[in-house]
Amino acid sequence: MAFGQAKFFLETEFVPRGDQPLAISKLVEGVRSDKRFQVLLGVTGSGKSFTMACVIKELGMPAVIIEPNKTLAGQIYTEFKSFFPKNAVEYLVSYYDYYQPESYLPEYDMYIEKEAIVNEEIDRLRHSTTRSVISRKDVVVIATVSAIYNIGSPHYYGSLKLNFRKKQKISLFEFFRKLVASGYVRSDLEFKRGTFRVRGDTVDVFPVYEESYAIRFEFFGDEIETIKTIDAFTGKPVYEIEEAEIFPGNHYIAPKNEFERALSNIRKELKEVYEKFLAEDKKEIANRIKRRVEHDLEMLENFGFCKGIENYSRHFDGRQPGEPPYTIFDYFSDDFLLFIDESHITVPQLHGMYKGDFTRKKNLVDYGWRLPSAYDNRPLKFEEFKKFMKYVIFVSATPGDWELSVSEQVVEQIVRPTGIVDPPVFVKPAKDQIQDVVKEVQDTVSRGFRAFVLTLTKKQAEELSEYLNSLGMKARYLHSEIDTIERMDILRDLRLGVFDVLVGINLLREGLDVPEVALVAILDADRQGFLRSARSIIQISGRAARNTESKVILYADLITEAIQKAVEEMQRRRRIQMEYNEKNGITPQTIRKEIRQFVLSKKTQQEDYDWTEFPITDIPPSKIPEVIKDLEKKMKEYAKNLEFENAAKVRDKIRELKKIMLQL
């Protein structure tokens, strides 16, 4: 690829300082000299995200940044949106708020049907990602390891893109046919993403990747007379355009002839599997698979879709058995830069995804719940993923052994531009750890700071959180059942001081950027294992490396090898930073970082207002639907508390707002 092909406009008040200038130049030169693997060994608080942004700008290459979880992906996405407001920064994570995969337990003869709650906003962002990647170069995709899962054929996705222009000759029937073939559904009652509605000679299309804008086509006979963008909710025109480009409404899509070929191949596979089970004297299993697949075929023939359609993706994509699925990486038309953030945990995840998926599906296939082609709706094997690793930068404060062994260059970013030194580490006896950690937390909170406390078990975390609250402290427990969006809101509330102490097990380690934290306390630090390895202790301690008043306390009755290694490494980093500070006359300063709203936050900015007292004439028209929802909740709360007079006032306000909506 010709470097500099994409133009990135980095907007920030930061300038490279400390180790950053050298790290940026080394990484950029490494890519230009065709180094395949590099490591950015950057300590917490050294500005690794800014360094990545500078590398992307200098190289002018599209980039993918893979994060180990949705929380970190959300943070980096928000940060890079502010770095590159004029470029396409996209967010690609699993769109499930709740997900229970399809499985079968033969020992109990129990089939567990797939259950999922799809987050519509994340689904929209996934479609926005594929649109940007296939149509422009200046793209940064923030993703989780779900990026190695099947996402449908980029060839069909691109070929089914629609282009319409003003004065184009096309009949309404042909226009509808093209929309349906591209995965859009006619819905004159409910206008939502992925649908179109018809009113006389006017057709409104709501692209699946848009948030609040739709496209209006006004026909005169068999000609498109005008094309306008409109507010999807009110239908009010925004501006007129000369042409419109509409990308498919579904990732699992194929042209009509390929669709029919896929159905034929599914029938052929069903016949082979059915006869195989009969030959093995497994009549019940044979009938089960026949019944299930025939039902799916009927749905596909009549509606073009069926539940679990992704399990037939190999047939729709035209892939051979065992061939890797299409992923977001196949959508890039040229080379791209790949950052694997927190690589010490992300790389093992990438290694293990395929085996876990295969093990679960094996029972489904063996017992007639799915055809063998379901195996090919899967994540990439690590060896398959490696073919996309042309220019890779592993980013971590504690890179893993594999990353270090394959990398041609390790670039250290130890010095923090803020001058902050790695926090001092104190080892205290584990015997009275609860009583002592309570005192430490109280002292930290009294000074206006926040605290992280890490336990070994979920039960211990729950009990400690309850105990701290009973003592008058404001504590929350962060656990694995909390979804991505709520987790981001919890972290934001911690920064805002809604509560002061966050208790958890293994969710507090990588990338949590909370400068207000001045205490990290690790209970049972001498218990050998992954959660208390040298890498984990360094990562956990790094959560306190953004505040000059911070410290780390390890509760342990003996100094393990992991504790010894972690403390020695942190002392080495302290020395490097202190020497830099002395040489440059730097006085360490706590990081000051804006508390940004996460793009998917359930807590919108309107919560800063009391809409019950807000003048109707001052409410922005675009906010009215959201305000009505809030007021309806408020009205129900008043009624529940028997405050009927207040409930009536809110009800009247809702009525007035609905009248205004009808006039828009």
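Me: Where does R197 lie with respect to the ring of F191?

Reply: In this predicted model, R197 lies over the face of F191, at 4.1 Å from the ring centre. A second case of this kind involves a lysine, since the charged end of K290 sits over the ring of Y274, 5.9 Å from its centre.

Me: How should I read contacts between two rings, and how many aromatic pairs does the structure hold?

Reply: One reads a ring pair from the distance between centres and from the angle between planes, where under 30 degrees counts as stacked, over 60 as edge-to-face and the rest as tilted. The structure holds 30 aromatic pairs. In one of them, the rings of Y104 and Y367 have centres 5.0 Å apart and planes at 45°, so this pair is tilted. Y104 belongs to strand β5 (residues 103-105), while Y367 belongs to the loop between α10 (343-366) and α11 (382-385), so the pair ties together parts that are 263 residues apart in sequence.

Me: Are Y104 and Y367 buried or exposed?

Reply: Buried means under 20% relative accessible area, and partly exposed lies between that value and 50%. Y104, at 5% relative accessibility, therefore counts as buried, whereas Y367, with a relative accessible area of 29%, is partly exposed. Another aromatic pair, formed by Y157 and F247, is stacked, with 5.8 Å from centre to centre and 25° between the planes. That pair links distant parts of the chain, with Y157 in helix α5 (residues 154-159) and F247 in the loop between β16 (243-246) and α7 (256-279), 90 residues apart. Both Y157 and F247 are buried.

Me: Which residues do ring pairs link into a cluster?

Reply: The cluster consists of F37, F329, F332, F336, F382, F385, F388, F394 and W402, linked by ring pairs.

Me: How should I read the salt bridges, and how many are there?

Reply: Side chains of opposite charge can pair when their charged atoms come close. The count here comes to 49 salt bridges. Among them, R136 pairs with D138, the closest N and O atoms being 2.8 Å apart; R136 is partly exposed, at a relative accessible area of 35%, but D138, at 13%, is buried. The side chains of R572 and E412 also meet in a salt bridge, at 3.3 Å from N to O. Because R572 lies in helix α17 (residues 561-584) and E412 in strand β19 (residues 409-413), this pair ties together parts that are 160 residues apart in sequence. R572 is partly exposed, with a relative accessible area of 26%, and E412 counts as partly exposed at 36%.

Me: Which residues are linked in a network of salt bridges?

Reply: The network links E102, R292, D296 and R370. For a further salt bridge, one may turn to D436 and K428, whose closest N and O atoms are 3.1 Å apart; D436 is partly exposed at 21% relative accessible area, and K428 is partly exposed at 22%.

Me: Which side chain does S313 join through a polar contact?

Reply: A polar contact of 2.9 Å joins the side chain of S313 to that of N150. S313 lies in helix α9 (residues 313-317) and counts as buried, at 1% relative accessibility.

Me: Turning to the surface, which residues form a nonpolar patch?

Reply: Y213, V238 and Y239 form this patch, and together they have about 300 Å² of accessible area. Y239 is found in strand β15 (residues 237-241) and is partly exposed, with a relative accessible area of 49%.

Conventions: Residues numbered from 1 in each chain as written. Predicted model: local features only at pLDDT ≥ 70, side-chain atom pairs only at ≥ 80, totals over all residues. Heavy atoms only, no water. Patch = residues over 30% accessible without salt bridge, like charges linked within 9 Å, V, L, I, M, F, W, Y side chains within 5 Å. Areas by Shrake-Rupley, 256 points an atom, 1.4 Å probe, with all protein chains shown as cover. Salt bridge = Lys/Arg side-chain N within 4 Å of Asp/Glu carboxyl O. Helix = DSSP H or I, 4+ residues; strand = E, 2+ residues; numbered from the N terminus. Buried < 20%, exposed > 50% of the residue type's maximum accessible area, 1.4 Å probe, protein only. Phe/Tyr/Trp six-rings, centres within 6.5 Å; stacked < 30°, edge-to-face > 60°. Lys NZ or Arg CZ within 6 Å of the ring centre and 35° of its normal. Polar contact = N/O pair within 3.5 Å; in protein donor to acceptor, adjacent residues only side chain to side chain.
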